[in-house]
Every structure is written in C-alpha cells, then in structure tokens.
Amino acid sequence: MDTDLSFFRSESAQRLRAQGREQGFEQGLEQGLGQGVARSVLTVLTGRGIELSAGQRQLLADTTDVDQLNVWLLRAVTATRAEELFG
C-alpha cells in the first residue's frame, strides 16, 4: 500500500513549516536574550561584590521576562545589597 505524501509537499504544508521555524527562531532568540541579560546581572553584581542567595539566584535564572531582567540589570549598577535588586 502506497501512502500519499503529497500534502507534505503542498504549499500549505510548506507555509506551516516556515511559520513553525519562524516561531521557534523568535522563541529561541527571546530565550537567549533573557539568559544573556540574567548573566549580565550576575556579572555586575559579582563585580560589585554583591552575592545572591540560592533563592535569589533561582529567581533570576527562572525569569524569562526581558523587561523585568533589564530593570534588575539597571538596579544592579547602583544596588548596595541583593535585596535592593528585587525590591
């Protein structure tokens, strides 16, 4: 029995695959950007001699909102203790 695979070569299927690749690319880009900003927060804090608790590190690692991460990055520049970062 032969299987009809014409749908997978159709214009609709190609369009769906292209949309999936684009969505995956955008999600990956956003995730990578978030990880980079989170790393930057840690780098700034380390350079300033400010240590995070395990819970604070986990909160930072779990946050995917790039806008929130950027707020924390700006706070990291002037914070004198970790609590000021998340407050």
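In what order do the elements of the protein run from the N terminus on?

1. In this predicted model, the order of elements from the N terminus is α-α-α-α-α. The protein accordingly holds five helices, with zero strands.

2. The overall dimensions merit comment. The radius of gyration of the protein is 21 Å, whereas a compact globule of 87 residues would have a value near 12 Å. Along the principal axes, a box of roughly 70 × 25 × 20 Å is filled by the C-alpha atoms.

3. On burial and surface, 22% of the 87 residues in the protein are buried. The exposed area of the protein is about 6500 Å², of which 53% is supplied by carbon and sulfur atoms.

4. Of the contacts between residues at least 6 apart in sequence, 62% join residues at least 24 apart.

5. As to charge, the protein carries 9 positive and 12 negative charges, and the mean positions of these two sets are 4 Å apart.

6. One residue deserves a closer description. Gln56 belongs to helix H3, which spans residues 54–62. Why is Gln56 classed as buried? Gln56 is buried because its relative accessible area is 14%, and the class requires a value under 20%.

7. The surroundings of Gln56 can be set out as follows. A polar atom of the Gln56 side chain lies 2.8 Å from the backbone nitrogen of Ser53. With neighbours within four places in sequence left aside, the contacts of Gln56 are Glu51, Ala82, Glu83 and Phe86.

Methods. Residues numbered from 1 in each chain as written. Predicted model: local features only at pLDDT ≥ 70, side-chain atom pairs only at ≥ 80, totals over all residues. Heavy atoms only, no water. Helix = DSSP H or I, 4+ residues; strand = E, 2+ residues; numbered from the N terminus. Rg over C-alpha atoms; globule rule 2.2 N^0.38 Å. Buried < 20%, exposed > 50% of the residue type's maximum accessible area, 1.4 Å probe, protein only. Contact = heavy atoms within 4.5 Å. Areas by Shrake-Rupley, 256 points an atom, 1.4 Å probe, with all protein chains shown as cover. Lys, Arg positive; Asp, Glu negative; His and termini not counted. Charge placed at Lys NZ, Arg CZ, Asp CG, Glu CD. Polar contact = N/O pair within 3.5 Å; in protein donor to acceptor, adjacent residues only side chain to side chain.
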